[in-house]
Amino acid sequence: MFGYNMYDSNETDEADLDRTIAVLPFDDMSPNKDKGYFSDGMMEEILNHLHKIGDLKVCSKTSSMKYKNDQSKTIKEIAEELGVAHVLEGSVKIHNDQVRITVQLIKADSDEHLFAQNYDRQFDDIFAIQTEVAQKVASSLKARITNEEEKIISSKPTDNLDAYMLVLKSNRLSR
């Protein structure tokens, strides 16, 4: 994806490679498996937050989405195909007004978890989770976040969660 051969350190600066990441599609773990639009939306929002951090190189959503519902490849194989050193994978579960987002940041060449975290919150706190995940990934990859980037990723896109959910649903329908 980025033109890096992650297994040949002569081709790229190690610091740059250490800050390459793909965000895989999140699994819908909701009881009725009817929140796929929300899990796709969370993946996309977290990816977008990470992309806004200039010290990170983030694989495109289009490239990452081809792994949705595909359990046939290992993290190492996916990372090699995408040319990244790290993979963020996760799941989303919504029940009533509660949301659980689980994420794992994995160093691809060793299949080692750099962190794994559950975020259990009220549904109206989803934007804070997106920011926290992006900050945790950046910190784990030793990426520098400027004050301006921090301000951008911390901003709330809307106060109207119903409208936000309609946007996520319509995005899924338009695919």
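Where is Ser-91 found? Its place is given in the third of the close-ups below, which come from a predicted model.

**Figure 1. The overall fold combines 7 helices and 6 strands.** Following the chain along its sequence, you will meet the elements in the pattern α-β-β-α-β-α-α-β-β-β-α-α-α. The protein has 175 residues, and 45% of them count as buried. Its accessible surface comes to about 9,100 Å², with 44% of that belonging to carbon and sulfur atoms. Take the contacts between residues at least 6 apart in sequence: 62% of these join residues at least 24 apart.

**Figure 2. Helix α2 is largely enclosed by the rest of the structure.** The helix runs over residues 36–51, and 12 of its 16 residues are buried. Among the buried ones are Tyr-37, Phe-38, Met-42, Met-43, Ile-46, Leu-47 and Leu-50, and also Ser-39, Asp-40 and His-49. From first C-alpha to last, α2 reaches 22 Å, close to the 22 Å expected at 1.5 Å a residue.

**Figure 3. Ser-91 sits in strand β4, which covers residues 86–95.** Is Ser-91 buried or exposed? Its relative accessible area is 15%, below the 20% cut-off, so Ser-91 counts as buried. Beyond its neighbours within four places in sequence, Ser-91 is in contact with Phe-26, Asp-27 and Met-29, and likewise with Arg-100, Ile-101 and Thr-102.

**Figure 4. The largest nonpolar core brings together 38 residues.** Phe-38, Leu-50 and Leu-88 have the most contacts inside this core. Two or more residues come from each of β1 (20–23), α2, β4, β5 (98–107), β6 (112–122), α5 (126–140) and α7 (161–173). A second, separate core has 12 residues, including Ala-22, Cys-59, Ile-78 and Ala-108. As background, nonpolar side chains in soluble globular proteins tend to be buried together.

**Figure 5. Phe-38 is one of the residues with the most contacts inside the largest core.** Which residues does Phe-38 contact, leaving aside its neighbours within four places in sequence? They are Val-92, Ile-94, Val-99, Phe-123, Ile-126, Met-165 and Leu-168. Of these partners, Ile-126 is also listed among the buried residues of α5.

**Figure 6. Helix α5 agrees with its expected span.** Its 15 residues should span 21 Å at 1.5 Å a residue, and the end C-alpha atoms are indeed 21 Å apart. The buried residues of α5 include Phe-127, Ile-129, Val-133, Ala-134, Val-137 and Ala-138, together with Gln-130 and Thr-131. Just after this helix, look for Lys-142, which takes a positive phi of about 55°.

Key. Residues are numbered from 1 along each chain as its sequence is written. This is a predicted model: local features need pLDDT of at least 70, side-chain atom pairs count only at pLDDT 80 or more; totals for chains, interfaces and linings use all residues. Side-chain values use heavy atoms; hydrogens and water are left out. Helices (H or I, at least four residues) and strands (E, at least two) are DSSP runs, numbered from the N terminus. Buried means under 20% relative accessible area, exposed over 50%, partly exposed in between (1.4 Å probe, protein chains only). Contact means heavy atoms within 4.5 Å. The expected span of a helix is 1.5 Å times one less than its number of residues. A nonpolar core is a set of buried Ala, Val, Leu, Ile, Met, Phe, Trp, Tyr and Cys residues joined through side-chain atoms within 4.5 Å. Accessible areas come from the Shrake-Rupley method with a 1.4 Å probe; for residues, only the protein chains shown count as cover.
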